[in-house]
Amino acid sequence: MSSAGGLSRRRVAGASSSSASDDAPSPSWTPNGPNPNGTVVTHAGSAFEGGSKVACDPRDLDQVQEDSRYGGRMPRLTIMEEVLLLGLKDKHGYLSFWNDSISYALRGCILIELALRRRIALVKDLNQRRSPLADRLVEVIDDKPTGETILDEALKMMKGQETDRMSINGWVDLLSGETWNVMKIGYQLKQVRERLAKGLVDKGVLRTEKRNFLLFDMATHPVADVRTKESIVTRAVSLLTATTSAVPPSALDKEGTQCRVTRTVCLVCAAYAASVLDNAFGRLTYEDREAAFQRCDEILAEFACWPFGSTSATGNGGGKRREAANIGMGNSAPSGRESVLGLVQEVKREMNGEDDPSFHLIAGVLEVLSKLDSLL
């Protein structure tokens, strides 16, 4: 007798031999039920019978395990890609020719991204704690590829240098090509901005065009996915215009993303050091822009030291200069350090304990970026 939906035919006990032969299943298919020998056979691949999956990709299971290990899934864009997007002109598709800071800042973002992905960290050595944060040695704790070409290239370089480890300052200088040591020239990461832009083209965020600049043609990368860039701008503006200790939900990436608060903090600090943060403030008034820059100064000061939030003992030159300028203009508004300390507490919740070596490294990179003006 046919089923009501006409999708399958049921065998009825006591049916004739002819109907049994008509309804006999193929040898490769065995229905759920007991075997003559007493064992139960489970169905392998029918949606109607509620069978299990026929096959699965082991890489999917590895990805789930890695996400749970690192506290969430990896974001679609890396921090250096987000900083590059903030610097790009939407319609023209190129960076400002007068920006000397972004190349150096992008190399720092590479170290931050590798630290957030738990690939590198500072060496755990009591003698190292006596050295300044930016001069402490970096080690590779996991050389598993990340899937991002530039990150994997930098990770391979660091793994090959394990016998003669270098500091945070040393790696940022080497990756940027700022070294006089001929033996270290091979460590320079070349064409980082162009390769990041092409990676964003592959992800559908940018597109490639050719533009004529007087005597030569140059490939440019205008924004193709405006919503992606708008989400980055919204995150940065929401964090820097907040006046309370609670982190606005609009300042964070999607739910389930690994280290959401830390990534937003690193984004605004790196964008500030790369001199592209003002591109996100186009819709703010002059007073709001100054307040946002002041808050970014305070955030960078609190996170460019270890432990986070201990800047009261060290201070920050950039923040003091901006504060002095505000006082000179007659602005006596409070600094809002209490709200920044609330942000510090949120970041500490994403750490693996109070002495997380990967977050040690992030603090060291931010210290280097906070002194970028003097380095250049």
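These are my notebook entries on a predicted model.

**Entry 1: the core**

I began with the nonpolar residues. The largest nonpolar core has 95 residues. Which residues have the most contacts inside this core? I found Leu111 and Ile120. I then looked up which element gives the most to the core. Helix 4, residues 102-116, does, with 11 residues.

Next I listed the contacts of Leu111, leaving aside neighbours within four places in sequence. Leu111 is in contact with Ile120, Met158, Ile168 and Trp171. Val172, Leu175, Leu361 and Val365 also touch Leu111.

**Entry 2: helix 4 and helix 7**

I stayed with helix 4 and turned to helix 7, residues 192-202. Their axes come within 10 Å. The crossing angle is roughly 65°. Which residues meet here? From helix 4 I noted Ile102, Ser103, Leu106 and Arg107. From helix 7 I noted Val192, Arg193 and Leu196. I sorted the residues of this contact by type: 4 are nonpolar, 1 is polar and 2 are charged.

**Entry 3: helix 8 and helix 10**

I looked up a second helix pair. Helix 8 covers residues 226-241, and helix 10 covers residues 286-303. Their axes come within 8 Å and cross at roughly 85°. How do I describe that angle? Angles of 65 to 115 degrees count as roughly perpendicular, so helix 8 and helix 10 are roughly perpendicular to each other.

The contact uses Leu239, Leu240 and Thr241 of helix 8. Helix 10 brings Ala291, Ala292, Arg295, Cys296 and Ile299. By type, the residues of this contact are 6 nonpolar, 1 polar and 1 charged.

**Entry 4: Val226**

I picked one residue of helix 8, Val226. Is Val226 buried or partly exposed? Its relative accessible area is 48%, so Val226 is partly exposed. The range for that label lies between 20% and 50%. I also checked Val226 against Val205. The two are 21 residues apart in sequence. In space they are 7.7 Å apart, C-alpha to C-alpha.

**Entry 5: a hairpin**

Last, I turned to two strands. Strand 5 is residues 209-213, and strand 6 is residues 216-220. How do they run? They run antiparallel, and 5 bridges join them. Phe213 stands opposite Phe216 in strand 6. The hairpin has 2 residues between the strands. I checked the backbone there too: Leu214 takes a positive phi near 60°.

Notes. Residues are numbered from 1 along each chain as its sequence is written. This is a predicted model: local features need pLDDT of at least 70, side-chain atom pairs count only at pLDDT 80 or more; totals for chains, interfaces and linings use all residues. Side-chain values use heavy atoms; hydrogens and water are left out. Two strands pair if DSSP finds at least two bridges between them. Helices (H or I, at least four residues) and strands (E, at least two) are DSSP runs, numbered from the N terminus. Axes are lines fitted to C-alpha atoms, for helices over the stretch in contact, and angles run from 0 to 180 degrees between N-to-C directions. Angles under 35 degrees count as roughly parallel, over 145 as roughly antiparallel, 65 to 115 as roughly perpendicular and the rest as oblique. Contact means heavy atoms within 4.5 Å. Ala, Val, Leu, Ile, Met, Phe, Trp, Tyr, Cys and Pro count as nonpolar, Asp, Glu, Lys and Arg as charged, and the others, Gly among them, as polar. A nonpolar core is a set of buried Ala, Val, Leu, Ile, Met, Phe, Trp, Tyr and Cys residues joined through side-chain atoms within 4.5 Å. Buried means under 20% relative accessible area, exposed over 50%, partly exposed in between (1.4 Å probe, protein chains only).
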